[in-house]
Amino acid sequence: MTRLLGVDAYGVVSIGIVVMQIGMMVSGLGMSSVITRQGLLGRSGQDGARSLMVRAVTITSLLVGSVVLLSPLWNQALATDLRRAVVIALLTAACYVAVEDSQAMLRVLDRPLPFVGLSLISTLGGPLLGLTLVARHATPERYLLGMLGGYAVAALVGLTVTLRSGPHHHEAGDTRTALRMGLPMLPHMVAIFAANGGLLVVAGALFDRAQVARLSVAMLLGMAPGVVTAAMNNSWGPTVYRAAQSERAEVLEHTAVDVAYLAATMASGVSLLSPWLLRLAAGADFQPAQLAPQVGIVAFGTILSVGYLGNVHLVFASGRTFGLSITTPTALAVGLASAAALSQLDVRLLAVGFPVTYAGMFLGAGWLAHRVSGVHWHMRVLVPPMVLGGAMCALGALLPTSGGVSLVRIACVVALGAFALKRVHLVIRR
């Protein structure tokens, strides 16, 4: 995509993706997390969760449909080349919500293969369709149309599979309870996605679209380990929920260490290999060699996210989620402010906003979990993997990107690979 569209047009795509992600968070009303909890811990169980999924998707469709129908009133405020992109992104957001809600139900049903299938259709099928369209005529809108197609097909498949899995009915008060838990999650979930999307907005406001596109490439690469962590989280969360109250702290500690070491080795590898990965990801007009520090900085943020996720599981299990609507946006505000201030010293320091945001989210969620949950776990177990990952990400950000010294990166990756194999062996034997 970076080669077909070029740096300026790719900036439009980056903005469209941000609109899609934040639109999904807002219009989803925080229901995806509530659906999983309802199915595992709620009185109405799977039937109630299935019914909640239907109502959540219906509400989202009505909300997004209304905003799109009113687009003639608000899209005049946008540049011409952004108007169609934003509308397409909003429609994609509605389909994205249906996919997320379907996957939330599949977590309850413990059906990993359909879950993975939906992910492949949406996150791979959409971009492949977009690439096919762009190859014939290179415009940002055509790529975003491909994304819409992928998510629309995934939404249709997901809803069909989950609705055919059993009956759906709910008890009185289920919807009110779900909204009471889900609506406070909106600021929290928007802030999570804005941890990266917000940095692109800051880059566009302070610099230009070229910087937006370059930062987008660095963040997509640096956040790649976070995709693996998020995938693990789909089983990690239900594992913590299902544990007995008396055993939940021990289960959380053991699983958190395993996930943290996975995140640390993945993030370290991406950071150390970033000079070569960046050359694959972007053409010369993106100046990829200069983006290695940003990749290392962002990759470290994905390690910090493990501590945040562990604490959030306890908050969700308690059902008292309101505090997240305060702690997470506060962390985001601090992160974005840090990025804006430091970027005046060096534009590459825009990326610092990402780990600063996740550090704040880690601390905020930990404080909240201590207040609302009866489970108290020892977060210090995360120190060794975080120190390891932080040191390796720092090397990836600071080591030369060319010449003989850059081969030190390869040696570090080999050592990390051996360490990762040893950790996997320990986990299998446990």
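Is R348 buried, exposed or partly exposed? R348 is partly exposed, because its relative accessible area is 34%, and the word has cut-offs: buried means under 20% relative accessible area, exposed means over 50%, and partly exposed lies in between, with a 1.4 Å probe and protein chains only.

Before going on, keep in mind that this is a predicted model, in which local features need pLDDT of at least 70 and side-chain atom pairs count only at pLDDT 80 or more, while totals for chains, interfaces and linings use all residues. Residues are numbered from 1 along each chain as its sequence is written, and side-chain values use heavy atoms, with hydrogens and water left out.

**Salt bridges**

Stay with R348 and add D346 to the selection: their side chains meet in a salt bridge at 2.9 Å, N to O, where a salt bridge is a side-chain nitrogen of Lys or Arg within 4 Å of a carboxyl oxygen of Asp or Glu. D346 counts as partly exposed, because its relative accessibility is 25%. A search of the whole structure finds three salt bridges.

Next select R84 and E141, whose side chains form a salt bridge of 3.7 Å, N to O. This pair links distant parts of the chain, since R84 is in helix 5 (residues 80-109) and E141 is in helix 7 (residues 140-163), 57 residues apart; helices (H or I, at least four residues) are DSSP runs, numbered from the N terminus. R84 counts as exposed at 53% relative accessibility, whereas E141 counts as buried at 11%.

Now move to R423 and D258, where the side chains meet in a salt bridge of 3.2 Å, N to O. Here too the pair links distant parts of the chain, with R423 in helix 18 (residues 407-429) and D258 in helix 12 (residues 248-272), 165 residues apart. Both R423 and D258 are buried.

**Aromatic pairs**

A search of the whole structure finds four aromatic pairs. Select Y261 and F419, which form a tilted aromatic pair with 5.5 Å from centre to centre and 55° between the planes. Rings of Phe, Tyr and Trp (its six-membered ring) pair if their centres lie within 6.5 Å, and planes under 30 degrees apart count as stacked, over 60 as edge-to-face and the rest as tilted. Y261 lies in helix 12 and F419 in helix 18, so this pair ties together parts that are 158 residues apart in sequence. Y261 is buried, with a relative accessible area of 14%, while F419 counts as partly exposed at 28% relative accessibility.

Then select Y308 and Y358, which make an edge-to-face pair because the ring centres are 6.0 Å apart and the planes stand at 75°. Y308 lies in helix 14 and Y358 in helix 16 (residues 353-372), so the pair ties together parts that are 50 residues apart in sequence. Y308 counts as buried at 5% relative accessibility, and Y358 counts as buried at 10%. Add F354 to the selection, and you have one aromatic cluster formed by Y308, F354 and Y358.

**A serine in helix 14**

Keep Y358 in view and select S305, which is found in helix 14 (residues 292-318). Which residues does S305 touch, not counting residues up to four places away in sequence? S305 touches T229 and Y358, where contact means heavy atoms within 4.5 Å. S305 counts as buried, because its relative accessibility is 8%.

How values were computed
Helices (H or I, at least four residues) and strands (E, at least two) are DSSP runs, numbered from the N terminus.
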